[in-house]
Amino acid sequence: MALSSGKKSFFSDIAPTLSKKSPLNISFPERSAVSATPLSASSPVPVPKGEAKDGAIQFGGGADGRVFNIGGYPVATKGAVIGTPFAGTHTRKNWESDNAVDIGAKIGTPILATQDGTIGKVYKNQSGESALKGIQVHLSTGDNEWFYTHLSKMAKGMVAGTRVKKGQVIGYSGDANGVGHLHIGVKNGDPRDILGLR
(Lines give C-alpha, C1' and ligand atoms only; values in the text may rest on other atoms or scores of the structure.)
Protein backbone atom coordinates (compact mmCIF):
# COMPACT_ATOMS: atom_id res chain seq x y z
CA MET A 1 0.00 0.00 0.00
CA ALA A 2 1.49 3.37 -0.97
CA LEU A 3 1.33 5.94 1.81
CA SER A 4 1.91 8.85 -0.57
CA SER A 5 -1.41 8.40 -2.41
CA GLY A 6 -4.28 10.75 -1.71
CA LYS A 7 -6.27 7.95 -0.15
CA LYS A 8 -6.42 7.40 3.58
CA SER A 9 -3.80 4.90 4.68
CA PHE A 10 -4.38 1.85 6.83
CA PHE A 11 -2.42 3.57 9.60
CA SER A 12 -4.61 6.67 9.61
CA ASP A 13 -7.64 4.36 9.91
CA ILE A 14 -6.35 2.76 13.10
CA ALA A 15 -4.70 5.85 14.61
CA PRO A 16 -7.80 6.81 16.65
CA THR A 17 -7.89 3.29 18.10
CA LEU A 18 -4.27 3.48 19.15
CA SER A 19 -4.79 6.81 20.84
CA LYS A 20 -7.56 5.42 23.06
CA LYS A 21 -7.03 3.40 26.22
CA SER A 22 -7.14 -0.06 24.70
CA PRO A 23 -5.08 -3.24 24.76
CA LEU A 24 -3.33 -1.91 21.64
CA ASN A 25 -2.33 1.36 23.30
CA ILE A 26 1.30 0.61 24.12
CA SER A 27 3.63 3.22 25.58
CA PHE A 28 7.39 2.99 25.75
CA PRO A 29 9.62 4.50 28.46
CA GLU A 30 11.94 7.36 27.59
CA ARG A 31 15.31 6.00 26.40
CA SER A 32 17.10 7.77 29.25
CA ALA A 33 14.97 5.87 31.77
CA VAL A 34 16.06 2.48 30.47
CA SER A 35 19.18 1.00 32.01
CA ALA A 36 20.45 -2.29 30.66
CA THR A 37 22.29 -4.41 33.18
CA PRO A 38 24.04 -7.40 31.62
CA LEU A 39 23.53 -10.72 33.35
CA SER A 40 26.62 -12.18 34.91
CA ALA A 41 27.63 -15.59 33.57
CA SER A 42 27.55 -16.86 37.14
CA SER A 43 24.04 -15.61 37.90
CA PRO A 44 21.59 -18.37 38.87
CA VAL A 45 18.76 -18.87 36.39
CA PRO A 46 16.03 -20.60 38.41
CA VAL A 47 13.07 -22.28 36.76
CA PRO A 48 9.81 -20.89 38.23
CA LYS A 49 8.11 -23.55 40.35
CA GLY A 50 4.82 -22.90 38.60
CA GLU A 51 6.33 -24.01 35.30
CA ALA A 52 7.60 -27.33 36.62
CA LYS A 53 5.70 -30.32 35.31
CA ASP A 54 5.35 -33.38 37.47
CA GLY A 55 8.50 -35.43 37.00
CA ALA A 56 10.17 -32.86 34.76
CA ILE A 57 13.85 -32.13 35.06
CA GLN A 58 14.83 -28.55 35.80
CA PHE A 59 18.02 -27.61 33.93
CA GLY A 60 19.98 -24.52 34.95
CA GLY A 61 18.56 -24.33 38.47
CA GLY A 62 21.86 -23.30 40.00
CA ALA A 63 24.83 -21.14 39.09
CA ASP A 64 27.14 -24.14 39.32
CA GLY A 65 25.29 -26.00 36.56
CA ARG A 66 23.70 -28.66 38.77
CA VAL A 67 20.53 -30.31 37.56
CA PHE A 68 17.43 -30.51 39.74
CA ASN A 69 14.07 -32.16 39.36
CA ILE A 70 11.07 -33.21 41.36
CA GLY A 71 11.71 -36.89 41.01
CA GLY A 72 10.46 -39.01 43.88
CA TYR A 73 12.61 -40.81 46.43
CA PRO A 74 13.31 -44.33 45.10
CA VAL A 75 13.04 -46.35 48.31
CA ALA A 76 9.88 -46.85 50.40
CA THR A 77 11.79 -46.03 53.60
CA LYS A 78 14.56 -43.46 54.03
CA GLY A 79 18.03 -44.94 54.17
CA ALA A 80 21.58 -43.74 54.61
CA VAL A 81 23.57 -42.81 51.52
CA ILE A 82 26.42 -45.33 51.60
CA GLY A 83 27.90 -44.72 48.13
CA THR A 84 28.36 -41.58 46.03
CA PRO A 85 29.06 -40.84 42.36
CA PHE A 86 32.51 -41.64 40.98
CA ALA A 87 33.84 -42.90 44.30
CA GLY A 88 34.61 -46.30 45.83
CA THR A 89 33.12 -49.06 43.67
CA HIS A 90 31.48 -46.50 41.34
CA THR A 91 34.42 -46.43 38.93
CA ARG A 92 33.51 -48.77 36.05
CA LYS A 93 33.50 -46.08 33.35
CA ASN A 94 29.76 -46.18 32.58
CA TRP A 95 27.02 -43.90 33.88
CA GLU A 96 24.99 -46.80 35.32
CA SER A 97 27.78 -47.66 37.71
CA ASP A 98 29.57 -44.39 38.22
CA ASN A 99 26.94 -41.62 38.25
CA ALA A 100 25.05 -43.34 41.03
CA VAL A 101 24.30 -43.47 44.73
CA ASP A 102 23.84 -46.42 47.05
CA ILE A 103 20.98 -46.08 49.52
CA GLY A 104 20.85 -48.45 52.48
CA ALA A 105 17.68 -50.59 52.60
CA LYS A 106 16.62 -53.83 54.25
CA ILE A 107 16.21 -56.70 51.81
CA GLY A 108 12.63 -56.73 50.53
CA THR A 109 12.02 -52.98 50.86
CA PRO A 110 9.80 -51.68 48.02
CA ILE A 111 11.71 -49.81 45.33
CA LEU A 112 9.86 -46.99 43.57
CA ALA A 113 9.85 -45.26 40.19
CA THR A 114 11.47 -41.84 40.53
CA GLN A 115 9.36 -40.43 37.67
CA ASP A 116 6.69 -41.44 35.19
CA GLY A 117 8.31 -43.59 32.54
CA THR A 118 8.70 -46.94 30.84
CA ILE A 119 10.54 -49.99 32.13
CA GLY A 120 13.40 -50.79 29.78
CA LYS A 121 15.82 -53.70 30.00
CA VAL A 122 15.33 -56.03 32.95
CA TYR A 123 17.97 -58.66 33.57
CA LYS A 124 19.58 -60.66 36.33
CA ASN A 125 23.34 -60.54 36.50
CA GLN A 126 24.81 -64.02 35.99
CA SER A 127 28.50 -63.14 36.44
CA GLY A 128 28.63 -64.32 40.04
CA GLU A 129 30.45 -61.11 41.01
CA SER A 130 29.12 -60.02 44.41
CA ALA A 131 29.29 -56.32 43.50
CA LEU A 132 26.90 -56.93 40.57
CA LYS A 133 24.43 -59.17 42.40
CA GLY A 134 20.70 -58.94 41.76
CA ILE A 135 18.24 -57.79 39.13
CA GLN A 136 19.10 -54.75 37.03
CA VAL A 137 16.45 -52.43 35.58
CA HIS A 138 16.47 -49.40 33.29
CA LEU A 139 13.67 -46.83 33.54
CA SER A 140 13.29 -44.37 30.65
CA THR A 141 11.54 -41.11 31.53
CA GLY A 142 11.72 -39.41 28.14
CA ASP A 143 14.24 -36.74 29.07
CA ASN A 144 16.39 -38.96 31.28
CA GLU A 145 17.14 -42.56 32.15
CA TRP A 146 17.53 -44.33 35.49
CA PHE A 147 19.36 -47.53 36.37
CA TYR A 148 18.37 -49.63 39.41
CA THR A 149 20.31 -52.66 40.56
CA HIS A 150 20.65 -55.21 43.38
CA LEU A 151 16.88 -55.84 43.34
CA SER A 152 15.87 -59.16 44.90
CA LYS A 153 12.74 -59.43 42.73
CA MET A 154 10.49 -57.41 40.44
CA ALA A 155 6.98 -56.32 41.39
CA LYS A 156 4.11 -58.14 39.70
CA GLY A 157 3.65 -57.11 36.07
CA MET A 158 6.92 -55.17 35.86
CA VAL A 159 8.49 -56.22 32.56
CA ALA A 160 10.17 -54.36 29.70
CA GLY A 161 7.67 -51.97 28.12
CA THR A 162 5.51 -51.49 31.23
CA ARG A 163 4.44 -47.87 31.80
CA VAL A 164 4.84 -46.73 35.40
CA LYS A 165 3.89 -43.69 37.45
CA LYS A 166 6.18 -41.81 39.82
CA GLY A 167 6.13 -43.58 43.20
CA GLN A 168 4.88 -46.90 41.82
CA VAL A 169 6.58 -50.02 43.18
CA ILE A 170 8.76 -51.58 40.50
CA GLY A 171 10.62 -54.13 42.60
CA TYR A 172 12.16 -54.99 45.96
CA SER A 173 15.63 -54.31 47.31
CA GLY A 174 18.30 -56.94 47.64
CA ASP A 175 21.97 -56.85 48.57
CA ALA A 176 25.46 -56.76 47.12
CA ASN A 177 28.79 -57.35 48.83
CA GLY A 178 26.79 -58.51 51.85
CA VAL A 179 25.03 -55.14 52.33
CA GLY A 180 21.31 -54.53 51.77
CA HIS A 181 20.92 -51.47 49.55
CA LEU A 182 19.68 -49.98 46.30
CA HIS A 183 22.18 -48.80 43.71
CA ILE A 184 20.54 -46.16 41.52
CA GLY A 185 22.22 -44.27 38.70
CA VAL A 186 21.00 -41.51 36.40
CA LYS A 187 22.16 -40.64 32.90
CA ASN A 188 21.87 -36.83 33.20
CA GLY A 189 22.53 -34.80 36.33
CA ASP A 190 23.89 -35.62 39.76
CA PRO A 191 21.62 -38.17 41.51
CA ARG A 192 22.18 -36.47 44.88
CA ASP A 193 20.65 -33.25 43.58
CA ILE A 194 17.89 -34.91 41.61
CA LEU A 195 16.80 -37.03 44.57
CA GLY A 196 17.36 -34.32 47.21
CA LEU A 197 20.12 -36.22 49.00
CA ARG A 198 22.32 -33.22 49.81
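When I say two residues touch, I mean that they have heavy atoms within 4.5 Å of each other. With that settled, hello everyone, and thanks for coming. Let me start with a residue in helix 3, which spans residues 191-194: arginine 192. Setting aside residues up to four places away in sequence, arginine 192 touches Thr84, Pro85, Val101, Leu197 and Arg198. There is also a long-range relation to point out: asparagine 99 is 93 residues away from arginine 192 in sequence, but the two C-alpha atoms are 9.6 Å apart in space.

Before I go on, please keep in mind that what you have on screen is a predicted model.

Let's step back to the whole chain. The protein chain has 198 residues, and buried residues make up 36% of them. Its secondary structure comes to 3 helices and 11 strands. If you read along the sequence, the pattern is α-β-β-β-α-β-β-β-β-β-β-β-β-α. How much of the contact network joins residues at least 24 apart? Among contacts between residues at least 6 apart in sequence, the figure is 59%. As for the outside, the protein chain exposes about 12,000 Å², with carbon and sulfur atoms supplying 57% of that area.

Now to strand 11, my main topic today. Is strand 11 largely enclosed or open? With 6 of its 8 residues buried, strand 11 is largely enclosed by the rest of the structure. Let me take its pairings in turn.

Strand 4 pairs with strand 11 in the antiparallel sense, over 5 bridges. In that pairing, glycine 104 stands opposite histidine 181 of strand 11. Strand 10, residues 169-176, also runs antiparallel to strand 11, and 3 bridges join them. Which residue of strand 11 is the bridge partner of glycine 174? That would be histidine 181. So histidine 181 turns up in both places, opposite glycine 104 and as the partner of glycine 174. Strands 10 and 11 form a hairpin with 2 residues between the strands, and asparagine 177 in that hairpin takes a positive phi near 55 degrees.

Strand 8 pairs with strand 11 too, again antiparallel, over 4 bridges. Here phenylalanine 147 has glycine 185 in strand 11 as its bridge partner. Please remember phenylalanine 147, as I'll mention it again in a moment.

Next, strand 6. It covers residues 117-124, and 2 bridges join it to strand 9, residues 163-164, with the two running antiparallel. In strand 9, arginine 163 is the bridge partner of threonine 118. Strand 6 also pairs antiparallel with strand 7, residues 135-140, over 5 bridges. There, lysine 124 stands opposite isoleucine 135.

One residue of strand 6 that I'd like you to click on is tyrosine 123. Why does tyrosine 123 count as partly exposed? Its relative accessibility is 32%, and the partly exposed class lies between the 20% limit for buried and the 50% limit for exposed. Leaving aside neighbours within four places in sequence, tyrosine 123 is in contact with Gly134, Ile135, Gln136, His138 and Phe147. So here is phenylalanine 147 again, in contact with tyrosine 123 and bridged to glycine 185. Tyrosine 123 and alanine 160, meanwhile, are 37 residues apart in sequence and 9.7 Å apart in space, C-alpha to C-alpha.

A quick stop at glycine 108, which sits in the loop between strand 4 (100-104) and strand 5 (110-112). Glycine 108 counts as partly exposed, because its relative accessibility is 38%. Not counting residues up to four places away in sequence, it touches Ser152, Tyr172 and Ser173. Its C-alpha atom is 8.2 Å from that of lysine 153, which is 45 residues away along the chain.

Last topic: the largest pocket, which holds about 340 Å³ of space. Which elements give two or more residues to its lining? They are helix 2 (95-98), strand 8 (145-154) and strand 11 (179-186). The lining has 20 residues, and those nearest the centre of the pocket are Arg92, Ser97, Ala131, Leu132 and His183. By type, the lining divides into 6 nonpolar, 11 polar and 3 charged residues.

So strand 11, largely enclosed as we saw, also contributes to the lining of the largest pocket. Thanks for listening, and I'm happy to go back to any of these views.

Methods. Residues are numbered from 1 along each chain as its sequence is written. This is a predicted model: local features need pLDDT of at least 70, side-chain atom pairs count only at pLDDT 80 or more; totals for chains, interfaces and linings use all residues. Side-chain values use heavy atoms; hydrogens and water are left out. On a 1 Å grid over the protein atoms alone, a cavity is a set of points where a 1.4 Å probe fits but cannot get out, and a pocket is an open set with protein on both sides within 12 Å along at least five of seven lines; lining residues have an atom within 4 Å of a point. Grid points are joined across faces, edges and corners, and a volume is the space filled by probe spheres set on the points. Ala, Val, Leu, Ile, Met, Phe, Trp, Tyr, Cys and Pro count as nonpolar, Asp, Glu, Lys and Arg as charged, and the others, Gly among them, as polar. Two strands pair if DSSP finds at least two bridges between them. Buried means under 20% relative accessible area, exposed over 50%, partly exposed in between (1.4 Å probe, protein chains only). Accessible areas come from the Shrake-Rupley method with a 1.4 Å probe; for residues, only the protein chains shown count as cover.
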